[in-house]
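Biologist: I should like to understand how the terms used for this structure are justified. May we go through them one at a time?

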Amino acid sequence: MIRTQRLAAGVCALLAALAAGLAFPAAASAGEPTGEAAPKVDLVLDVSGSMRSRDIDGGSRMAAAKQAFNEVLDATPEDVQLGIRTLGANYPGEDRKTGCKDTAQLYPVSTLDRTEAKTAVATLSPTGWTPIGPALLKAADDLGTGAGSKRIVLISDGEDTCAPLDPCEVAREIAAKGIGMTIDTLGLVPNTKLRKQLSCIAEATGGTYTSVQHTDELTDKVNQLVDRAADPVVTPVATEGAAQCADAPALKSGLYTDREEFGQQRWYKVDVRPGQELRASVSVAADRAVNPGHGVLLRAVTAHGREIVRGEAAGNGRTDVASTGLRYPKAQSDDEAPAETVCLQVTNSFSAASGVKTTPGLPVELTVDVVDGPSQASDVASFGLGRGWWLLGVLVLTGFLAGLVWGWVSRWRVAVWRTN
């Protein structure tokens, strides 16, 4: 039995290993990158009055942003469609209603004309308010809803000044549309309130938050995010688990997404042929306030209900996601034995905090991979070490012999010292 307990960072490692490190079938499978649509990036730059402050490498924040943008435009891959949107760049007045509409598309999301884009950036001058929420909504429209990677990179030096339109809620709204859009945020000031707001925006869409205080850091990070947009995109395929195995959807190798009520269980089916190995992992995200004490269980059982293997994860306290996984090798058969239907059960023990809505269910991401198994099923039954037991045994024996030799040498040296 293989049991894993992964929270937050462990999710990334497990899903990366299963989704990126393992070979999927040659034909297009669920959750595979297609690489057909061009990746799109919209750089959203804060051009509010506070960008005049001169605290980045002896120059203004605006000067640092312009320099970084010019270098990023030079390094943008040819296959990336890039656009630039501003917030607070045009209205210098005191009318809040007008200031909170001050967001404009400086350069459209399209095949990049570097000279034209640099010319547009050169015209920018710190001006007005900080309408982050409205700018994110417009940026989402800039990128559209088609296939392919879509990424917003928000660069700001201050909090949104246009409440009650909470930019964090705007980010959640964008994520709820299911269009695969990621928002990454960069803060130019080491301010606690700014960090919390930008972190919330990024986390709502699976993006990242970074605090940058130097021009070269800003350039490197934006370049990194633009390059990341060009990487192949794996889009989870929506599925709907059943209340019992008999009615469960049949899954093949791929990445799937579903929703599960608090304390609910969902069933899925996978066919595993002799000589193959089933590898599965599940992540359940706490996308709202939950009570302390929670867990996730992933079980593989036969069609008759006998448990084969399970993976569990449990925690207590604040968490954003809990994840676990399992592996099941099907022994090779001499005859043409039919595939075995393995039922996967996903159960969570999250409970809603007071006043928190229980619907829709919690987001569930399920990774399934069926690959050629090891030469013997027992290779993965030894607490997950497989053939690593041989190496462990050699290391133990080597350590034991080294200890004996060192003890004998030490006693000999003591005896010689006493004699002399």
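Modeller: Let us begin at helix 9, which spans residues 388-419 and contains Leu-404. Please bear in mind that this is a predicted model.

Biologist: Why is Leu-404 called partly exposed?

Modeller: The relative accessibility of Leu-404 is 48%. Buried would require under 20% and exposed over 50%, so Leu-404 counts as partly exposed.

Biologist: What makes the nonpolar surface patch that includes Leu-404?

Modeller: The patch is made by Leu-397, Phe-400, Leu-401 and Leu-404, and it covers about 410 Å². A patch residue must have over 30% relative accessible area, and Leu-404 has 48% relative accessibility. For the chain as a whole, the exposed area is about 21100 Å², with 54% of it supplied by carbon and sulfur atoms.

Biologist: How much of the chain is buried?

Modeller: Of the 420 residues, 45% are buried. The chain has nine helices and 17 strands.

Biologist: How do you know that the buried residues of helix 6 line one face?

Modeller: In helix 6, residues 167-176, the buried residues are Pro-167, Cys-168, Val-170, Ala-171 and Ile-174. Viewed down the helix axis, these buried residues lie within an arc of 155°, so they line one face of helix 6. In general, an α-helix has 3.6 residues a turn, so residues three or four places apart point the same way.

Biologist: What do the buried residues of helix 6 pack against?

Modeller: They pack against helix 5 (132-143), strand 6 (181-187) and helix 7 (192-204).

Biologist: Why is the pair Arg-85 and Asp-142 called a salt bridge?

Modeller: The side chains meet at 2.7 Å, N to O. The cut-off is 4 Å between a side-chain nitrogen of Lys or Arg and a carboxyl oxygen of Asp or Glu, so the pair qualifies. Arg-85 belongs to strand 3 (residues 81-87) and Asp-142 to helix 5, so the salt bridge ties together parts 57 residues apart in sequence.

Biologist: Are Arg-85 and Asp-142 buried or exposed?

Modeller: Arg-85 has a relative accessible area of 6% and is buried. Asp-142, at 18% relative accessibility, also counts as buried, because the limit is under 20%.

Biologist: What makes Glu-340 and Lys-330 a salt bridge?

Modeller: Their closest N and O atoms are 3.1 Å apart, and the rule asks for a distance within 4 Å. Glu-340 lies in strand 16 (residues 340-348), whereas Lys-330 lies in the loop between strand 15 (321-329) and strand 16, so the pair ties together parts ten residues apart in sequence. Glu-340 is buried at 15% relative accessibility, while Lys-330 is partly exposed at 24%.

Biologist: Which residues are linked in a network of salt bridges?

Modeller: Arg-299, Glu-307, Arg-310 and Glu-312 are linked in this way. Between Glu-307 and Arg-299, the closest N and O atoms are 2.8 Å apart. By this rule the chain has 14 salt bridges.

Biologist: Why do strand 9 and strand 14 stand at the edges of their sheet?

Modeller: The sheet is open, with five strands in the order 9-11-16-13-14 and mixed pairing. Strand 9 (250-251) and strand 14 (307-315) each have a single partner strand, so one side of each lacks a neighbour in the sheet.

Biologist: How do you know that strand 9 pairs with strand 11?

Modeller: Two bridges join strand 9 to strand 11 (residues 265-272), and pairing requires at least two. The two strands run parallel, and Leu-251 has Val-270 in strand 11 as its bridge partner.

Notes. Residues are numbered from 1 along each chain as its sequence is written. This is a predicted model: local features need pLDDT of at least 70, side-chain atom pairs count only at pLDDT 80 or more; totals for chains, interfaces and linings use all residues. Side-chain values use heavy atoms; hydrogens and water are left out. Helices (H or I, at least four residues) and strands (E, at least two) are DSSP runs, numbered from the N terminus. Buried means under 20% relative accessible area, exposed over 50%, partly exposed in between (1.4 Å probe, protein chains only). Accessible areas come from the Shrake-Rupley method with a 1.4 Å probe; for residues, only the protein chains shown count as cover. Patches are made of residues with over 30% relative accessible area and no salt bridge: like charges are joined within 9 Å, nonpolar side chains (Val, Leu, Ile, Met, Phe, Trp, Tyr) within 5 Å. The arc is that of the directions from the helix axis to the C-beta atoms. Contact means heavy atoms within 4.5 Å.
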